[in-house]
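This report covers a sheet, the helix packed on it, and two backbone angles in loops.

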Amino acid sequence: MAAHRDCILIVLVAGIGDLILASKGIRAIRNGNPEAEIHLLTSTDAAPLARHYPYIDRVWPFPIRELRSSKGSVWAVLTLIRRLRRFRFRLVVNLYSVESAAGAMKMGMLFRAIRARHRAGHDRNGFGFFLTKRIAPGTFLADRHFSEAVLTAAVAAGGVPDSNGVDVFWDRGVENRWNGFLPGLHEAAGAPVVGIHPGSDRSLKRWDSGRYSRVADRLVESEGARIILLGGPSETQVAGAVERGMRHPAVNLSGRLSLDDLACVISRLDLLVTNDSGPMHIGAAAGTPLVALFGPALPGQFGPCAPPGSSRLIWHQIDCRPCRQDGCRQPHCMDMITAEEVYEGCRSLLVTRPHRKETVTVGGHS
C-alpha cells in the first residue's frame, strides 16, 4: 500500500484508440505532478498497452465490457474499489466525456466509492453533482478533436501540457520476435509491406471485405506489395474473408498476436490500411503511414494524430454522421467509399516512402 505518497487516479474507461488519443492529457497530469504516484483506471482492452507508458505508475483494468455480458463481474468491481480505496487518492479525474445521465450516475457512484479527497471531471448530465472540480460542459464538442479535449480536461485538473504528440509503447520483449519476419517478406529489394486491418469494435465501421481484397490484389500487382492481414481474436472471420477474396497470397496474422505484438508489427509496416479502430491510432502514434476509412464517426473529432503528410483519411459527407447506432439497414457512410479511392490513397503514400523502412524502437510518438 502507498497511502503515504501523493496518489492520483486517472479514470479513462475506454478503448485502445482512446488511450492513445488521451496520452497527451495523461502526460500533462504527470507534468503537473512530477512527484505523485499516477494510477490509471482503464478498460481491460487498453490495460496491456497502458502498462508500458513510462509516466503511469500503476494500471488498474476495469471490466467494462465484461459487465455488459456478465453480472458476475460486479463482484470483481467491488473488489477493485476496495483495493483502490487503500491508496487514499488526493485526486481522481475522469478524462472522458459524459454522454448520458445514466453514465454520469454510474461514474459518480464510482467516484464517491473510491473516496478521493478531490474529484474532477466533465460537468455534464448531472456528473458535476459528484465533483469538487467541474470541467466545462463544452469541453468535448463534436467539432473539436478528442485528444485536444482530453488535454483541456487534464489542464483544468492541474495538468501541464507539453509540445509532444500522442504516444504508444509496447513491451521490448516482443522486438526480437519480429526482427527477421518483416524483412523476410521483401522478396524484391524495396518491396513494400502493407498491413490491412479490416475489423473494428463496431460492425458499422467495417468496410466491405471484398473491396479490401480488390485493393490488396491491386497493390500486389502494381507495387509488388506483400500483404499482412491483422486483427484480434474476434476479427479472424472478417480477416479470413479478405484473404479468401484475394487472388494473391497474404500472410494472415489475425487472432495470432498479442497487443504488444500488434503494435510492434504495425510500427514496422510501410503502410497500414484500416477502418477507424484502435490499430489505426497505434499506427498514427508509431509514425506508420496509413490510409484510414471513416464511416459513422467524425474524422475531425476522432481521426488519427498522424505526422503531417503521412495519412490519408477517406470518407464522404453524409447527414446522419455522427452515428452511435449498433446496426444500420443501409450503412451508406461506408458503402460510399470505393476501392479505387482507397487504392489511390495507398499509392500516393507508397510512392513517397523510403527505399526500405528502418526498424523502430520500443515506442514512438507523433
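Where does Asn 125 lie? In this predicted model, Asn 125 is in the loop that runs between β5 (118-122) and β6 (133-135).

## Positive phi in two loops

Asn 125 is not a glycine, yet its phi is positive, about 55 degrees. The residue is partly exposed because its relative accessible area, 35%, falls between the limits of 20% for buried and 50% for exposed.

Arg 88 also has a positive phi, near 45 degrees, and is a residue other than glycine. Its place is in the loop between α5 (73-85) and β4 (91-94). With a relative accessible area of 59%, Arg 88 counts as exposed because the cut-off for that class is over 50%.

## The sheet

An open sheet is formed by 6 strands, paired in the parallel sense, and their order is β3-β2-β1-β4-β5-β6. At the edges are β3 (58-62) and β6, each of which pairs on one side only. From one strand to the next, the twist averages 15 degrees.

Strand β2, residues 37-43, is joined to β3 by 5 bridges in the parallel sense. Opposite Arg 58 in β3 stands His 39.

## The helix on the sheet

Helix α6, residues 101-114, packs on the sheet. The strands touched by α6 are β1 (7-12), β2, β4 and β5. The direction of α6 makes about 165 degrees with that of β4.

Technical notes. Residues are numbered from 1 along each chain as its sequence is written. This is a predicted model: local features need pLDDT of at least 70, side-chain atom pairs count only at pLDDT 80 or more; totals for chains, interfaces and linings use all residues. Side-chain values use heavy atoms; hydrogens and water are left out. Helices (H or I, at least four residues) and strands (E, at least two) are DSSP runs, numbered from the N terminus. Buried means under 20% relative accessible area, exposed over 50%, partly exposed in between (1.4 Å probe, protein chains only). Two strands pair if DSSP finds at least two bridges between them. Axes are lines fitted to C-alpha atoms, for helices over the stretch in contact, and angles run from 0 to 180 degrees between N-to-C directions. Contact means heavy atoms within 4.5 Å.
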